[in-house]
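Work through the exercises below with the model open. Try each task before reading its solution.

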Amino acid sequence: MRRIKSLSEVDAELKAAGFEYLGSCIICDCYHHYWAKHIGGGKYQLAISDGWLEDYTPKFREVTAEVVQRIKERCE
């Protein structure tokens, strides 16, 4: 069984790994938190955490700089 992680724990781990916090947005009555790390070639590793059932363990996706910019604008 996977260990449940708190938001502060996830934030510290991702920042230590070189991720930048982009912000949070409410989607379907739930806060979604976003971090991104540049991986070269115009690509970013995006970490998404929704806190479902109080578990903030992130899911990862590879995205473009344009997606990162849209998230930054939406989460301001």
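**Exercise 1: a buried acid**

Asp-55 is buried, with a relative accessible area of 11%; buried means under 20%, with a 1.4 Å probe and protein chains only. This is a predicted model, where local features need pLDDT of at least 70, side-chain atom pairs count only at pLDDT 80 or more, and totals for chains, interfaces and linings use all residues. Residues are numbered from 1 along each chain as its sequence is written, and side-chain values use heavy atoms, without hydrogens and water.

Task: Which side chain makes a polar contact with the side chain of Asp-55?

Solution:
- Locate Asp-55 in the loop between strand 3 and strand 4 (59–64).
- Check its side chain: Thr-57 makes a side-chain polar contact with it at 2.7 Å (N or O atoms within 3.5 Å, one able to donate a hydrogen and the other to accept it; residues adjacent in sequence count only through side-chain atoms on both sides).
- Then take the backbone nitrogen of Lys-5, 3.2 Å from a polar atom of the Asp-55 side chain.

**Exercise 2: the core**

Task: How many residues make up the largest nonpolar core?

Solution:
- Count 10 residues, including Leu-22, Tyr-34, Ile-48 and Cys-75.
- Assign them: strand 1 (20–27), strand 2 (30–40), strand 3 (43–49) and helix 2 (65–74) each supply at least two.
- Set apart another core of 5 residues, among them Val-10 and Phe-19.

**Exercise 3: the whole chain**

Task: What pattern does the chain follow along the sequence?

Solution:
- List the elements: 2 helices and 4 strands.
- Read them in order: α-β-β-β-β-α.
- Add the burial: 32% of the 76 residues are buried.

Note on methods. Core = buried A, V, L, I, M, F, W, Y, C linked by side-chain atoms within 4.5 Å. Buried < 20%, exposed > 50% of the residue type's maximum accessible area, 1.4 Å probe, protein only.
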